[in-house]
Amino acid sequence: MPAPNAPQPPPAPPDRTPTSPRVPQRAARSQGENAAIFANAVRLASMMVRTLGPFCEVAVHDFSDMDHSLIHIEGSLTGRRVGAPVAGLLTKALRRSGHEVEDAIAFSSTTPAGLTLKSSVCFLRNRRGEVVGAVCLHFDLTDLERFQGVLHGLLRFENASDKEPTNLFPACTSDASYSIIETAIRKAGKHPAAMNRQEKKQFVRMMDEEGAFQIKGMVQHLAKAMRISIYTVYNYMRQIKEEGQRQEQPETTE
(Lines give C-alpha, C1' and ligand atoms only; values in the text may rest on other atoms or scores of the structure.)
Protein backbone atom coordinates (compact mmCIF):
# COMPACT_ATOMS: atom_id res chain seq x y z
CA MET A 1 0.00 0.00 0.00
CA PRO A 2 1.52 3.35 -1.04
CA ALA A 3 2.31 5.92 1.57
CA PRO A 4 -0.40 8.61 2.09
CA ASN A 5 1.89 11.42 0.99
CA ALA A 6 3.45 9.62 -2.04
CA PRO A 7 3.14 11.55 -5.38
CA GLN A 8 0.36 10.33 -7.70
CA PRO A 9 1.17 9.41 -11.36
CA PRO A 10 -0.06 11.93 -13.99
CA PRO A 11 -3.38 11.09 -15.65
CA ALA A 12 -3.25 9.31 -19.01
CA PRO A 13 -3.69 11.60 -22.07
CA PRO A 14 -7.10 11.39 -23.78
CA ASP A 15 -7.42 8.88 -26.60
CA ARG A 16 -7.41 10.92 -29.83
CA THR A 17 -7.52 7.90 -32.14
CA PRO A 18 -10.32 8.50 -34.68
CA THR A 19 -13.32 6.35 -33.99
CA SER A 20 -14.14 5.98 -37.72
CA PRO A 21 -11.68 5.78 -40.65
CA ARG A 22 -14.12 7.59 -43.02
CA VAL A 23 -11.60 9.95 -44.59
CA PRO A 24 -9.05 7.26 -45.55
CA GLN A 25 -11.84 5.00 -46.78
CA ARG A 26 -13.35 7.81 -48.90
CA ALA A 27 -9.96 8.56 -50.43
CA ALA A 28 -9.40 4.89 -51.15
CA ARG A 29 -12.81 4.59 -52.81
CA SER A 30 -12.14 7.70 -54.88
CA GLN A 31 -8.78 6.36 -56.04
CA GLY A 32 -10.36 3.02 -56.92
CA GLU A 33 -13.16 4.70 -58.84
CA ASN A 34 -10.72 6.88 -60.81
CA ALA A 35 -8.56 3.88 -61.57
CA ALA A 36 -11.59 2.09 -63.04
CA ILE A 37 -12.55 5.18 -65.08
CA PHE A 38 -9.09 5.47 -66.62
CA ALA A 39 -8.80 1.72 -67.21
CA ASN A 40 -12.02 1.80 -69.22
CA ALA A 41 -10.81 4.89 -71.10
CA VAL A 42 -7.59 3.11 -72.06
CA ARG A 43 -9.55 0.12 -73.35
CA LEU A 44 -11.78 2.47 -75.36
CA ALA A 45 -8.75 4.24 -76.85
CA SER A 46 -7.25 0.95 -77.98
CA MET A 47 -10.53 -0.17 -79.53
CA MET A 48 -11.00 3.07 -81.51
CA VAL A 49 -7.49 3.12 -82.97
CA ARG A 50 -7.61 -0.56 -83.87
CA THR A 51 -10.93 0.10 -85.61
CA LEU A 52 -10.10 3.36 -87.41
CA GLY A 53 -6.47 2.57 -88.22
CA PRO A 54 -3.33 4.72 -88.51
CA PHE A 55 -5.27 7.89 -89.35
CA CYS A 56 -6.56 8.00 -85.77
CA GLU A 57 -5.03 8.98 -82.42
CA VAL A 58 -6.67 8.73 -79.00
CA ALA A 59 -5.17 10.27 -75.85
CA VAL A 60 -6.25 9.71 -72.23
CA HIS A 61 -5.59 12.52 -69.72
CA ASP A 62 -5.61 12.37 -65.90
CA PHE A 63 -6.19 15.87 -64.51
CA SER A 64 -4.74 15.08 -61.09
CA ASP A 65 -1.38 16.21 -62.57
CA MET A 66 -1.93 18.83 -65.27
CA ASP A 67 1.78 19.11 -66.04
CA HIS A 68 1.98 15.42 -66.88
CA SER A 69 -1.67 14.62 -67.62
CA LEU A 70 -1.17 12.32 -70.62
CA ILE A 71 -1.26 8.81 -69.13
CA HIS A 72 -1.99 6.79 -72.28
CA ILE A 73 -1.87 7.40 -76.04
CA GLU A 74 -2.77 5.25 -79.04
CA GLY A 75 -1.55 6.37 -82.45
CA SER A 76 1.15 8.87 -83.36
CA LEU A 77 -0.41 11.80 -85.21
CA THR A 78 0.67 14.52 -82.78
CA GLY A 79 4.06 13.11 -81.80
CA ARG A 80 3.31 13.27 -78.06
CA ARG A 81 4.43 10.79 -75.43
CA VAL A 82 3.08 9.69 -72.05
CA GLY A 83 3.81 12.40 -69.49
CA ALA A 84 3.04 15.31 -71.81
CA PRO A 85 1.05 18.23 -70.32
CA VAL A 86 -2.61 18.93 -70.95
CA ALA A 87 -3.42 21.09 -73.99
CA GLY A 88 -4.22 24.75 -73.50
CA LEU A 89 -7.67 24.25 -75.03
CA LEU A 90 -8.64 21.94 -72.19
CA THR A 91 -7.25 24.09 -69.39
CA LYS A 92 -9.06 27.12 -70.83
CA ALA A 93 -12.36 25.23 -70.97
CA LEU A 94 -11.93 23.94 -67.41
CA ARG A 95 -11.02 27.40 -66.11
CA ARG A 96 -14.09 28.88 -67.74
CA SER A 97 -16.69 26.22 -66.85
CA GLY A 98 -15.20 24.04 -64.11
CA HIS A 99 -17.01 20.75 -63.58
CA GLU A 100 -19.85 22.00 -65.82
CA VAL A 101 -17.58 21.94 -68.88
CA GLU A 102 -19.19 20.40 -71.96
CA ASP A 103 -17.66 17.96 -74.41
CA ALA A 104 -16.29 19.38 -77.67
CA ILE A 105 -17.24 17.36 -80.73
CA ALA A 106 -15.84 17.37 -84.30
CA PHE A 107 -13.81 20.59 -84.27
CA SER A 108 -10.88 21.41 -86.54
CA SER A 109 -7.30 21.37 -85.27
CA THR A 110 -3.79 21.18 -86.72
CA THR A 111 -0.53 19.55 -85.63
CA PRO A 112 2.91 21.22 -85.57
CA ALA A 113 3.70 19.16 -88.69
CA GLY A 114 0.77 20.73 -90.53
CA LEU A 115 -1.71 17.84 -90.45
CA THR A 116 -5.38 18.78 -90.56
CA LEU A 117 -7.30 16.95 -87.83
CA LYS A 118 -10.93 16.44 -86.94
CA SER A 119 -10.95 16.31 -83.15
CA SER A 120 -13.32 15.58 -80.27
CA VAL A 121 -12.92 15.78 -76.49
CA CYS A 122 -15.00 13.78 -74.00
CA PHE A 123 -14.49 14.74 -70.33
CA LEU A 124 -14.36 11.92 -67.78
CA ARG A 125 -16.39 12.37 -64.57
CA ASN A 126 -16.68 10.44 -61.33
CA ARG A 127 -19.96 9.56 -59.64
CA ARG A 128 -20.13 13.04 -58.05
CA GLY A 129 -19.94 14.71 -61.47
CA GLU A 130 -16.40 15.99 -60.93
CA VAL A 131 -14.16 16.14 -64.00
CA VAL A 132 -11.16 13.88 -63.44
CA GLY A 133 -9.77 13.57 -66.97
CA ALA A 134 -10.55 13.45 -70.67
CA VAL A 135 -10.42 11.27 -73.75
CA CYS A 136 -9.28 13.12 -76.88
CA LEU A 137 -9.89 11.69 -80.35
CA HIS A 138 -8.05 13.02 -83.42
CA PHE A 139 -8.59 11.89 -87.02
CA ASP A 140 -6.23 12.89 -89.83
CA LEU A 141 -8.07 14.48 -92.79
CA THR A 142 -4.98 15.69 -94.66
CA ASP A 143 -4.98 13.02 -97.40
CA LEU A 144 -8.77 13.17 -97.67
CA GLU A 145 -8.59 16.93 -98.27
CA ARG A 146 -6.07 16.39 -101.08
CA PHE A 147 -8.29 13.71 -102.58
CA GLN A 148 -11.27 16.04 -102.27
CA GLY A 149 -9.44 18.54 -104.46
CA VAL A 150 -8.88 15.85 -107.08
CA LEU A 151 -12.54 14.82 -106.95
CA HIS A 152 -13.69 18.43 -107.24
CA GLY A 153 -11.83 18.78 -110.52
CA LEU A 154 -13.19 15.50 -111.86
CA LEU A 155 -16.79 16.21 -110.85
CA ARG A 156 -16.91 19.81 -112.13
CA PHE A 157 -19.23 20.52 -115.10
CA GLU A 158 -18.94 23.30 -117.64
CA ASN A 159 -22.68 23.96 -117.80
CA ALA A 160 -24.12 26.78 -115.72
CA SER A 161 -24.84 26.03 -112.08
CA ASP A 162 -28.55 26.79 -112.50
CA LYS A 163 -28.96 24.11 -115.18
CA GLU A 164 -30.72 20.94 -114.14
CA PRO A 165 -29.08 17.57 -114.92
CA THR A 166 -30.51 16.33 -118.20
CA ASN A 167 -31.45 12.78 -119.13
CA LEU A 168 -30.00 12.43 -122.64
CA PHE A 169 -30.69 8.72 -122.94
CA PRO A 170 -34.44 7.98 -122.62
CA ALA A 171 -35.40 4.46 -123.63
CA CYS A 172 -38.88 5.51 -124.74
CA THR A 173 -41.17 8.54 -124.89
CA SER A 174 -42.61 7.78 -121.46
CA ASP A 175 -39.07 7.90 -119.98
CA ALA A 176 -38.50 11.26 -121.62
CA SER A 177 -41.85 12.56 -120.35
CA TYR A 178 -41.25 11.50 -116.75
CA SER A 179 -37.70 12.89 -116.82
CA ILE A 180 -38.97 16.31 -117.95
CA ILE A 181 -41.73 16.25 -115.33
CA GLU A 182 -39.28 15.35 -112.53
CA THR A 183 -36.93 18.14 -113.62
CA ALA A 184 -39.81 20.62 -113.56
CA ILE A 185 -40.88 19.45 -110.09
CA ARG A 186 -37.34 20.00 -108.74
CA LYS A 187 -37.29 23.45 -110.28
CA ALA A 188 -40.71 24.32 -108.83
CA GLY A 189 -39.71 23.00 -105.40
CA LYS A 190 -43.17 21.54 -104.86
CA HIS A 191 -45.07 18.55 -106.18
CA PRO A 192 -47.94 19.66 -108.46
CA ALA A 193 -50.37 17.42 -106.58
CA ALA A 194 -49.94 19.74 -103.57
CA MET A 195 -50.30 22.98 -105.60
CA ASN A 196 -53.29 25.27 -105.72
CA ARG A 197 -55.03 26.15 -108.98
CA GLN A 198 -52.83 29.13 -109.83
CA GLU A 199 -49.64 27.21 -109.02
CA LYS A 200 -50.76 24.32 -111.22
CA LYS A 201 -51.37 26.66 -114.15
CA GLN A 202 -47.91 28.17 -113.63
CA PHE A 203 -46.45 24.66 -113.58
CA VAL A 204 -48.10 23.88 -116.93
CA ARG A 205 -46.73 27.19 -118.26
CA MET A 206 -43.21 26.18 -117.19
CA MET A 207 -43.64 22.82 -118.92
CA ASP A 208 -44.79 24.57 -122.09
CA GLU A 209 -41.78 26.90 -122.03
CA GLU A 210 -39.51 23.85 -121.81
CA GLY A 211 -41.12 22.47 -124.98
CA ALA A 212 -42.52 19.50 -123.05
CA PHE A 213 -45.73 19.31 -125.07
CA GLN A 214 -43.77 18.56 -128.23
CA ILE A 215 -43.43 15.00 -126.89
CA LYS A 216 -46.26 12.65 -127.76
CA GLY A 217 -48.34 11.63 -124.76
CA MET A 218 -46.95 14.35 -122.48
CA VAL A 219 -50.42 15.67 -121.60
CA GLN A 220 -51.50 12.27 -120.35
CA HIS A 221 -48.32 11.78 -118.29
CA LEU A 222 -48.59 15.30 -116.85
CA ALA A 223 -52.24 14.88 -115.91
CA LYS A 224 -51.36 11.68 -114.04
CA ALA A 225 -48.46 13.35 -112.20
CA MET A 226 -50.60 16.38 -111.28
CA ARG A 227 -53.57 14.15 -110.34
CA ILE A 228 -55.95 16.10 -112.52
CA SER A 229 -57.87 15.26 -115.68
CA ILE A 230 -56.48 15.55 -119.19
CA TYR A 231 -59.17 18.12 -119.94
CA THR A 232 -57.95 20.29 -117.04
CA VAL A 233 -54.43 20.26 -118.49
CA TYR A 234 -55.80 21.28 -121.90
CA ASN A 235 -57.81 24.03 -120.21
CA TYR A 236 -54.67 25.40 -118.51
CA MET A 237 -52.85 25.28 -121.86
CA ARG A 238 -55.69 27.21 -123.55
CA GLN A 239 -55.67 29.89 -120.82
CA ILE A 240 -51.89 30.26 -121.08
CA LYS A 241 -52.13 30.62 -124.87
CA GLU A 242 -54.85 33.27 -124.59
CA GLU A 243 -52.86 35.23 -121.99
CA GLY A 244 -49.86 35.16 -124.30
CA GLN A 245 -51.88 36.41 -127.24
CA ARG A 246 -53.29 39.31 -125.22
CA GLN A 247 -49.78 40.33 -124.16
CA GLU A 248 -48.64 40.29 -127.78
CA GLN A 249 -51.42 42.61 -128.98
CA PRO A 250 -50.15 46.20 -129.41
CA GLU A 251 -51.74 48.90 -127.28
CA THR A 252 -54.05 51.28 -129.20
CA THR A 253 -53.88 54.99 -128.63
CA GLU A 254 -56.85 57.30 -129.06
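**Order of elements.** I read along the protein chain and noted the pattern α-β-β-α-β-β-β-α-α-α-α-α. That makes 7 helices and 5 strands. I remind myself that this is a predicted model.

**Whole chain.** I looked up the totals next. The protein chain has 254 residues, and 30% of them count as buried. About 18,300 Å² is exposed by the chain, with carbon and sulfur atoms supplying 55% of that area. I also checked contacts between residues at least 6 apart in sequence: 44% of these join residues at least 24 apart.

**Strand 5.** How many of the residues of strand 5 are buried? I found 8 of the 10, so strand 5 is largely enclosed by the rest of the structure. Then I went through its partners. Strand 4 runs antiparallel to strand 5, and 9 bridges join the two. Within this pairing I picked out F123, whose bridge partner in strand 5 is A134. The two strands form a hairpin with 5 residues between them, and G129 in the turn has a positive phi of about 85 degrees. Strand 1 is also antiparallel to strand 5, joined to it by 7 bridges. Here I noted D62, which stands opposite G133 in strand 5.

**Helix 2.** I turned to helix 2, which covers residues 88-97, and found L90, A93 and L94 buried. Seen down the helix axis, the buried residues fall within an arc of 95 degrees, so they line one face of helix 2. What covers them? My list includes strand 1 (56-62), strand 4 (116-125) and strand 5 (131-140). The face turned away from the buried side carries the exposed residues G88, K92, R95 and R96. After helix 2 comes G98, and I wrote down its positive phi, near 60 degrees.

**F38.** My next stop was F38, placed in helix 1 (residues 22-52). Is F38 buried or exposed? Its relative accessibility is 8%; because that is under 20%, F38 counts as buried. Setting aside neighbours within four places in sequence, I listed its contacts as V60, H61, D62, I71, L124, V132 and G133. For H61 I took the distance too: 8.5 Å from C-alpha to C-alpha, with the two positions 23 residues apart in sequence numbering.

**A patch outside.** I looked over the surface and marked a nonpolar patch of about 510 Å², made by F147, V150, L151, L154 and L155. One of these, L154, is found in helix 3 (residues 142-155). L154 counts as exposed, with 66% relative accessibility.

**Salt bridges.** How many salt bridges does a search of the whole structure find? I got 8. One of them joins the side chains of E243 and K201, at 2.8 Å from N to O. E243 lies in helix 7 (residues 230-248) and K201 in helix 5 (residues 197-209), so the pair ties together parts 42 residues apart in sequence. E243 forms another salt bridge with R205, where the closest N and O atoms are 2.8 Å apart. This pair also links distant parts of the chain, as R205 in helix 5 is 38 residues from E243 in helix 7. I therefore entered K201, R205 and E243 together, linked in a network of salt bridges. K201 counts as buried at 7% relative accessibility, and R205 is buried at 19%.

My last entry is the salt bridge between E242 and R238, at 3.1 Å. Both are in helix 7, 4 residues apart, which means about one helical turn separates them. E242 is partly exposed at 32%, and so is R238 at 43%.

Notes:
Residues are numbered from 1 along each chain as its sequence is written. This is a predicted model: local features need pLDDT of at least 70, side-chain atom pairs count only at pLDDT 80 or more; totals for chains, interfaces and linings use all residues. Side-chain values use heavy atoms; hydrogens and water are left out. Patches are made of residues with over 30% relative accessible area and no salt bridge: like charges are joined within 9 Å, nonpolar side chains (Val, Leu, Ile, Met, Phe, Trp, Tyr) within 5 Å. Accessible areas come from the Shrake-Rupley method with a 1.4 Å probe; for residues, only the protein chains shown count as cover. A salt bridge is a side-chain nitrogen of Lys or Arg within 4 Å of a carboxyl oxygen of Asp or Glu. Buried means under 20% relative accessible area, exposed over 50%, partly exposed in between (1.4 Å probe, protein chains only). The arc is that of the directions from the helix axis to the C-beta atoms. Contact means heavy atoms within 4.5 Å. Two strands pair if DSSP finds at least two bridges between them.
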